[in-house]
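Visitor: Hey, can you walk me through this one? I'd like to go through the contacts and the charged pairs.
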Amino acid sequence: MGSDTNAQYVPEETDPAKIIVELCKLFYAQGWVTGTAGGMSIKDGDLVYVAPSGVQKERMNPVDLFVYDTKSKTYVSKPELYKPSACTPLFMACYEQRRAGACIHTHSQNAVMASLLWGREFRIANIEQVKAIPKVVEPGNLSFFDTLVIPIIENTAHEEDLAPDLEKALLEYPMAPAVLVRRHGLYVWGANVWKAKIINEAIDYLLELAVKMRHAGIDPAGDIGSEQLTRKI
Ligand SMILES: [Zn+2]
């Protein structure tokens, strides 16, 4: 192919506000941020972009976003119509404790169901999609034979009150790529927005699969072969 191919090339969007608006539309279509639920944030240098509280996530415009300067500790953009997201302290904890570049919070039903079926932590192993999850404490991703462990914290009446327990979970589970909130949803982060998107999608897939495995009588963290034994029985 000649120069015609290059003529069709569209550079990847780099404006954090536009990316948040675009991705929230995708997440809405997945049922992850419906009914104004959920949230998203990107850290660009000293600036933190956050979707506002209580808005329809699929109908936001870039100007609707809050932009907080972590250096001056002031908002450089604060839309008058809206309130800052109640997720903001939780996103800030992920930025500070995990050096994240972006955070996603969903009210995915897969996350809620998993939080009801597991106790203090969610575990899954020996599934190909686990390979999309970073090791966090060292470069590279988990292998097929590794176990993904996600801590589960209890819900609170107000979103911002989750922050102390989320911070504790981040300390207690240094390898965790996400935190589940019981009867509520999921917090995921990544080194940049595209990594956060991939990790969120992979974890949601694994949560959905694990719930189905449990219903089929298969232990999602069990040894390979245990499900065959179950089938024989
Ligand atoms: Zn929430």
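Guide: Sure, a term to begin with: contact means heavy atoms within 4.5 Å. This is a predicted model, where local features need pLDDT of at least 70, side-chain atom pairs count only at pLDDT 80 or more, and totals for chains, interfaces and linings use all residues. Residues are numbered from 1 along each chain as its sequence is written, and side-chain values use heavy atoms, with hydrogens and water left out.

Visitor: OK, what does His107 touch?
Guide: Not counting residues up to four places away in sequence, His107 touches Gly31, Trp32, Ala37, Gly38, Val112, Glu159, His184 and Gly185.

Visitor: And where does His107 lie?
Guide: His107 lies in the loop between S5 and helix H4 (109-117). Helices (H or I, at least four residues) and strands (E, at least two) are DSSP runs, numbered from the N terminus.

Visitor: Which residues does UniProt place the "binding site" feature at?
Guide: The unreviewed UniProt entry places "binding site" at His105, His107 and His184. UniProt positions are given in the numbering used here, feature names are shortened, and annotations may be inferred rather than shown by experiment. These three span 80 residues in sequence, yet no two of their C-alpha atoms are more than 10.1 Å apart, so they gather at one spot.

Visitor: Is His105 buried or exposed?
Guide: His105 is buried, at 0% relative accessible area. The cut-offs are under 20% for buried and over 50% for exposed, with partly exposed in between (1.4 Å probe, protein chains only). His107 is partly exposed, at 28%.

Visitor: What's around His105, then?
Guide: His105 is found in strand S5 (residues 102-106). Leaving out residues up to four places away in sequence, its contacts include Val33, Cys87, Phe91, Glu159, His184 and Tyr187.

Visitor: Switching topic: how many disulfides does the structure hold?
Guide: The structure holds 0 disulfides, a disulfide being a pair of cysteine sulfur atoms within 2.5 Å.

Visitor: Why no bond for Cys24?
Guide: The closest cysteine sulfur, in Cys87, is 10 Å from that of Cys24, which is too far for a bond. Cys24 is buried, with a relative accessible area of 1%.

Visitor: How far away is the nearest cysteine sulfur for Cys103?
Guide: For Cys103, which is in no disulfide, the nearest cysteine sulfur is that of Cys94, 4.3 Å away. Cys103 is buried, with a relative accessible area of 1%.

Visitor: Now the charges. How many salt bridges does the structure hold?
Guide: There are 9 salt bridges. A salt bridge is a side-chain nitrogen of Lys or Arg within 4 Å of a carboxyl oxygen of Asp or Glu. One of them pairs Lys71 with Asp46 (4.0 Å, N to O).

Visitor: Which parts does the Lys71 and Asp46 pair tie together?
Guide: Lys71 lies in the loop between strands S3 (66-69) and S4 (74-77), and Asp46 in the loop between strands S1 (39-44) and S2 (47-50), so the pair ties together parts that are 25 residues apart in sequence. Lys71 is exposed at 67% relative accessibility, while Asp46 is partly exposed at 36%.

Visitor: Give me another pair?
Guide: Lys131 and Glu128 meet in a salt bridge at 2.7 Å, N to O. Lys131 counts as partly exposed at 37%, and Glu128 counts as partly exposed at 49%.

Visitor: And one more?
Guide: The side chains of Glu138 and Lys135 meet at 3.8 Å, N to O, in a salt bridge. Also, Arg120, Lys168 and Glu172 are joined into one network by salt bridges that share partners.
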